[in-house]
Amino acid sequence: MRSITLLRVTTVKATSRGRKGGGRAGRIALGVVVGIFAVLLAIYLADLAMNRGAIPRGTTVGGVRIGGLTQDEAVDKLEGELGSTAEKPVTVRAADKTAQLVPSLAGLGIDWRATVEAAGIESTNPLTRLGNLFRTHEVDVVPTVNDATLSPELDRLRGELHADPVDGSIAVEGDKAKVTDPVLGQDVERAELKERLTTGWLNPDGVTVEPKEVQPAINSDVIKAAMDGPVKAALSGPLTLHGRDGVDGVIQKAQIGEVVQFRNVEGRIQPEVNRERVGEIFGEQLAPTVTEMKNARVLSGGGVEPSVDGTEVDWDVTLDGFDGRLLGDGERTWDAAYKPVPAKFTTEQAQNATFNDVVGTFTTGGFSSASGTNIRLVANTVNGAIVNPGETFSLNGYTGPRGTAQGYVESGIILDGHADKAVGGGISQFATTLYNAAYFAGMTDVAHTPHSYYISRYPAGREATVYEGAIDLQFRNDSPYPVKITTSAGAGDITVNLMGVKTYNVESVNGGRWAETQPRPQSVSGSNCSPSGGAPGFTTSDTRIVTDLSGNVVSRETQTTVYDPQPIIRCG
């Protein structure tokens, strides 16, 4: 029992010594901690005492460090380093668009004192103070703003930072649809731009504004709807038109781009079908199934060329609903419709044609003997020519060449405003006479060219010149009756009559002369020179009023003619 007791005593004593050792280590550790804390506390208190009221460490304004300074020191530093910054351009960004402004010119400045005050003072929180040693904090300036000056600059910046959206589009090329993707536009909110600009223009990196997306009217959704709808239908296959006698017209898939395009119209994609091209493609292939109508013709040498009734495709009926076949779910194979085309001037009408009425007549005179030779020759050539209903008469085409081989001689002409000679001179007088006869017959003017210089023996604004291979006189007979050209040439005058069935009365109203221009001297050399005192140029007009035999106005047409001044010719 004693030995056991001794053992317990020994054990108890050993444990007591361990506790005493651990307590001493703990007291040492605690002392160290307390010591460190005391040092940190002393540093903190010293820092607090030395930097009381100072701006937080790590603070910057426009990239200038003002942390740890007093407010007065900070104001002085900012004014010293940033005072001229308002004179330098500032870049403003919105996505990939940039613009610039000079703050001072835009009414922007800085309230230095208010900016420093906005930075605040160093916190008493030791952790915050410690953190400020390792980070920076940019403080926006407190601006001064002249709204009247800034407002137009904001409008300008918004315009430069704006980007219009670009509509997408679809183009059909052959049997393929080519899509041009839409492009988003952007806009900048005025209020946001003003806020960012007035508070952040001092930032060395410039001012960044988040733009608002602007969707184009024809965006991806619109493109997809068109591609999945009418474009897909249009390119789904050929279109086949059954004609007569087993002949088909086919618009092949590769030709679809020729007959339809998809246009951007007021914010939508609108199919545009080229009906003319549709008719051309089908018409070329169905040509063997139609018969051309031909009017009868009274022949100049006597007799009649008989009329032929025709047959043609009735395109109005045939292409009714074509858009649905091309762009929708309509049948892409169908039958052509035909219609008769009766002759407008029949064989019987031609056989019974009469040329008893003078429907138009005109006479001119005052030509030389050489010109008379040419005038009588061309008059004899044209005499008896018949212009059937719907036909166009061409003077150059009817006479053919007019040279020495045909008997024409050299005669007087006007060249560059002065007298000269050329083979065929005088033909223009016959052309003027024929033009006026057709004018009063109510013929339709197809082509006529007035002289460059006024010739007094012709009615002003109602005359014509011709030149072989270049300048022609043409008129069309739109009346229901044929007309015969008859001519009568005397020693000093020429008369042209158009004979047929009188249908119209014609009145000519001259509009007077205005805008007179004065002649200038011109020197001409050569033996053919003939001196001249010249003549003023002027502008005139002629109005033709065509009425039917009951007095109803059929047409009223005014033509204006400008004559150049004839130069004063000096020979030598």
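This report covers the overall make-up of a predicted model, then one kinked helix, one buried threonine and a set of salt bridges.

**The chain as a whole**

The chain has 572 residues, and 37% of them are buried. Its secondary structure comes to 15 helices and 35 strands. Consider the contacts with a separation of 6 or more: residues 24 or more positions apart account for 71% of them. About 30,600 Å² of the chain is exposed. Carbon and sulfur atoms supply 51% of that area.

**Helix α7**

Helix α7 runs over residues 220-234 and has 15 residues. From first C-alpha to last, α7 reaches 20 Å, close to the 21 Å expected at 1.5 Å a residue. The helix is nevertheless kinked. The kink is about 40° and lies at Met227. The proline Pro230 follows shortly after Met227.

At the start of α7 there is a side-chain to backbone approach. A side-chain oxygen of Asn219 comes to within 3.1 Å of the backbone nitrogen of Asp221.

Which residues of α7 are buried? They are Ile223, Ala226, Val231, Ala233 and Ala234. Their cover includes both strands and helices. Among the strands are β8 (169-173), β9 (176-180), β15 (260-265) and β16 (268-273). The helices include α8 (256-259) and α11 (322-327).

**Thr561 in strand β34**

Thr561 is found in strand β34, which spans residues 553-563. Is Thr561 buried or exposed? Its relative accessible area is 7%, so Thr561 counts as buried. The cut-off for buried is under 20%. Leaving aside residues up to four places away in sequence, Thr561 touches Pro450, Gly461, Phe538, Thr539 and Thr540.

**Salt bridges**

Side chains of opposite charge can pair when their charged atoms come close. A search of the whole structure finds 17 salt bridges. Three of them are set out here.

| Salt bridge | Closest N to O distance |
|---|---|
| Asp147 and Lys194 | 3.0 Å |
| Glu160 and Arg156 | 2.9 Å |
| Arg196 and Glu192 | 3.5 Å |

Take the pair Asp147 and Lys194, whose side chains meet at 3.0 Å. Asp147 lies in helix α5 (residues 147-161), while Lys194 lies in helix α6 (residues 190-200). The pair therefore ties together parts that are 47 residues apart in sequence. Both partners are partly exposed: Asp147 has a relative accessible area of 43%, and Lys194 has 31%.

The next pair sits within helix α5. Glu160 and Arg156 are four residues apart there, so about one helical turn separates them. Glu160 is partly exposed at 34% relative accessible area. Arg156 is also partly exposed, at 28%.

Helix α6 holds the pair Arg196 and Glu192. These residues are four apart as well, which means a separation of about one helical turn. Arg196 is partly exposed, with a relative accessible area of 36%. Glu192 counts as partly exposed at 22%.

Salt bridges that share partners also build a network. Which residues does it join? Glu153, Arg156 and Glu160 are linked into one network. Arg156 and Glu160 are the pair that meets at 2.9 Å in the table.

Methods
Residues are numbered from 1 along each chain as its sequence is written. This is a predicted model: local features need pLDDT of at least 70, side-chain atom pairs count only at pLDDT 80 or more; totals for chains, interfaces and linings use all residues. Side-chain values use heavy atoms; hydrogens and water are left out. Helices (H or I, at least four residues) and strands (E, at least two) are DSSP runs, numbered from the N terminus. The expected span of a helix is 1.5 Å times one less than its number of residues. The bend at a residue is the angle between axes fitted to the seven residues ending there and the seven starting there. Buried means under 20% relative accessible area, exposed over 50%, partly exposed in between (1.4 Å probe, protein chains only). Contact means heavy atoms within 4.5 Å. A polar contact is a pair of N or O atoms within 3.5 Å; within protein, one must be able to donate a hydrogen and the other to accept it, and residues adjacent in sequence count only if both atoms are side-chain atoms. Accessible areas come from the Shrake-Rupley method with a 1.4 Å probe; for residues, only the protein chains shown count as cover. A salt bridge is a side-chain nitrogen of Lys or Arg within 4 Å of a carboxyl oxygen of Asp or Glu.
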